[in-house]
Amino acid sequence: MYIPKLYTSPFPYFAASIVNLAQATYGRLYGALEQPLSQNSQTVAFSTRKMAKVTFALFGFGNMGMAHMKNILTSPRASVKWVVRNKIQEAQKFVQDYSLSARCTTPDNLEGLYNDPEVNAVLICSPTSTHEPVIRDSLLADKAVFCEKPITDAIDSTAACYDLAEKVKRPLFNAMHRRFEPNFCSVREKVLKKELGNLRLIKVTSRDLAPPPISYIKTSGGIIYDSTIHDLDMSLWLAGSQPESVYVSASAFDPDIASCGDYDQVVVTIKFKNGVVSSVENGRVAPYGYDQRLEVLCDKGMLQVDNKRSGLVWEHLAQGSSVPPIDSHFTNRYPLAYAAELEHFLDVMQGKAELRVKKEDTLNAMRLVRACQKSIAAKGPVTMET
């Protein structure tokens, strides 16, 4: 997902309240979904080490790096020791401006970081092409890994990263943030408990405000892999079943995007083995804002998550009414999800929880992406490979 740089400070005035609310919401909503580990739990594939604070090395310092840095620095259970950035001067200025003790380095000078015994984990939000070597080297250096989607750009290499994590007994976390958004979690909890009866239909709407630069499109892997994968994972997470077939209708209205062999509007229909149908609509352009909606139809009613608005002031006049616009970009829409996924990772590191996004979850989403790509090529529905 391309995220335009629409702010410069990683510390909005409400940063602490966001994290506090996320922690409270995390405990309330995830209680039924994520049980604490018993002392004799045999289900953890990696070793956990009791620690009061997890020390991170942060790879990448763009919008996502800034968002994660904010959450690390506002959590009493986390700290940052290293920042890795190609443009090291920018990282150094940030560290100096906020009087941090973190060290800065470039991607070609990582020996000190990997040999630092105080670093417990790395947080990766650098370009996808860098993920595999950073994950591999970090795991071999006995560091846990928190990685922005995707783990890698291929199923085989992703599986190999998970296999290495299991071998060295360190956690590898794929940060599929929508699984940690409080409202989506509330919907899933109701679905799991069948409060409205059996699930029938999932409808996901996901539209960006504006398309990313063509330079980004060329290296993104395409809209399905870059953007729609979040909605596919959401469908898998809610449906509670494996997909049986998938059909994708895709168009490119922007000639520059079309020239890259990509699309800017897709509709995906997924039929699951339990009969549930999911309809995913994902686009690169929605001039009114960052449109993120979810609708779930069950036997006895419907659950709906609407857009979050940028303000609370509604204006009503004789000639009509106006409402605040919806949020314009990703980092404003999902701050609670980012904070909650960090708290989850810290729980995992401190031996309090198991990873909620496991190897098979990641691979299932990637398999569904591959099926979508095949459907586009075939211009028709395809059956999922067994």
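1. The protein contains 13 helices and 15 strands, and the reader should keep in mind from the outset that this is a predicted model.

2. As for the overall fold, 53% of the 386 residues of the protein count as buried. Among contacts between residues at least 6 apart in sequence, 73% join residues at least 24 apart. The accessible surface of the protein comes to about 17,700 Å², and carbon and sulfur atoms account for 52% of that surface.

3. One element to trace in the model is an open sheet of six strands, whose order is 3-2-1-4-5-6 and whose pairing is parallel. Strand 3 (103-105) and strand 6 (172-175) each have a single partner strand and stand at the edges, so one side of each is left without a neighbour in the sheet. From one strand to the next, the twist averages 25°.

4. The pairing at the strand 6 edge can be followed residue by residue, since strand 5 (residues 144-148) and strand 6 run parallel and are joined by four bridges. Within strand 6, L172 is the bridge partner of V145.

5. Two helices may be examined against this sheet. Helix 2 (residues 63-73) lies across strand 1 (54-59), strand 2 (78-84), strand 4 (121-124) and strand 5, and its direction is at about 150° to strand 2. Helix 5 (residues 128-140) lies across strand 1, strand 4, strand 5 and strand 6, running at about 165° to strand 5.

Note on methods: Residues are numbered from 1 along each chain as its sequence is written. This is a predicted model: local features need pLDDT of at least 70, side-chain atom pairs count only at pLDDT 80 or more; totals for chains, interfaces and linings use all residues. Side-chain values use heavy atoms; hydrogens and water are left out. Buried means under 20% relative accessible area, exposed over 50%, partly exposed in between (1.4 Å probe, protein chains only). Contact means heavy atoms within 4.5 Å. Accessible areas come from the Shrake-Rupley method with a 1.4 Å probe; for residues, only the protein chains shown count as cover. Two strands pair if DSSP finds at least two bridges between them. Axes are lines fitted to C-alpha atoms, for helices over the stretch in contact, and angles run from 0 to 180 degrees between N-to-C directions.
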